[in-house]
Amino acid sequence: MRFYFIFQQDLAPAHVAKSTKDWFTKKQLEVLAWPANSPDLNVIENIWAIVKRKIRDRKPTTLDQLKQNIATAWEAVSAETCDKLVKSMPRRLQAVIQAKGAATKY
């Protein structure tokens with residue numbers, strides 16, 4: 001079975017570098033067209049926000065403590081939460097279309 005997917009990435013310099021574009025072209029991978037100044041709808045941003053909230057009040061004093069705090073918080077993000085975020089993408093995209101690219105609740 002072959003899967004069809006489209007990469008989504010923002011316009012960060014590393015994502016729009018010629019070498020990156022060349023790599024995607026060489027691998028024949030499609031990248032979603034992403035307009036400048038558009039909202040970041042990537043669900044990983046929501047997941048990182050959840051992780052940040054879970055570790056906000058912890059005060060690690062070493063790099064190892066920080067890594068452990070992040071790992072513990074990451075493990076606490078349920079598969080159900082991730083699934084809900086992914087399934088919200090059609091609503092997110094529709095909201096951006098309706099807002100003509102302006103800010104949305106997402």
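The domain assignment of the protein chain, whose bounds come from an automatic or database assignment, gives domain 1 (1-34) and domain 2 (38-105). The centres of domain 1 and domain 2, taken over C-alpha atoms, are separated by 22 Å. The model is a predicted one, in which local features need pLDDT of at least 70 and side-chain atom pairs count only at pLDDT 80 or more, while totals for chains, interfaces and linings use all residues. Residues are numbered from 1 along each chain as its sequence is written, and side-chain values use heavy atoms, with hydrogens and water left out.

Helix α3 comprises the 13 residues 43-55, helices being DSSP runs of H or I with at least four residues, numbered from the N terminus. Its end C-alpha atoms lie 19 Å apart, which agrees with the 18 Å expected at 1.5 Å a residue, the expected span being 1.5 Å times one less than the number of residues. The buried residues of α3 (under 20% relative accessible area, 1.4 Å probe, protein chains only) are V43, I47, I50, V51 and I55. These residues cover an arc of only 130 degrees around the axis, which puts them on the same side of α3, the arc being that of the directions from the helix axis to the C-beta atoms. What covers them includes α4 (63-76), α5 (79-87) and α6 (89-98).

The largest nonpolar core (buried Ala, Val, Leu, Ile, Met, Phe, Trp, Tyr and Cys residues joined through side-chain atoms within 4.5 Å) is made up of 12 residues, among them W34, L41, A73, L85 and V96. Helices α3 and α6 each supply at least two residues of this core, and α3 gives the most, with five. Leaving aside neighbours within four places in sequence, L85 is in contact (heavy atoms within 4.5 Å) with V43, N46, I47 and R92.

How values were computed. Buried means under 20% relative accessible area, exposed over 50%, partly exposed in between (1.4 Å probe, protein chains only).
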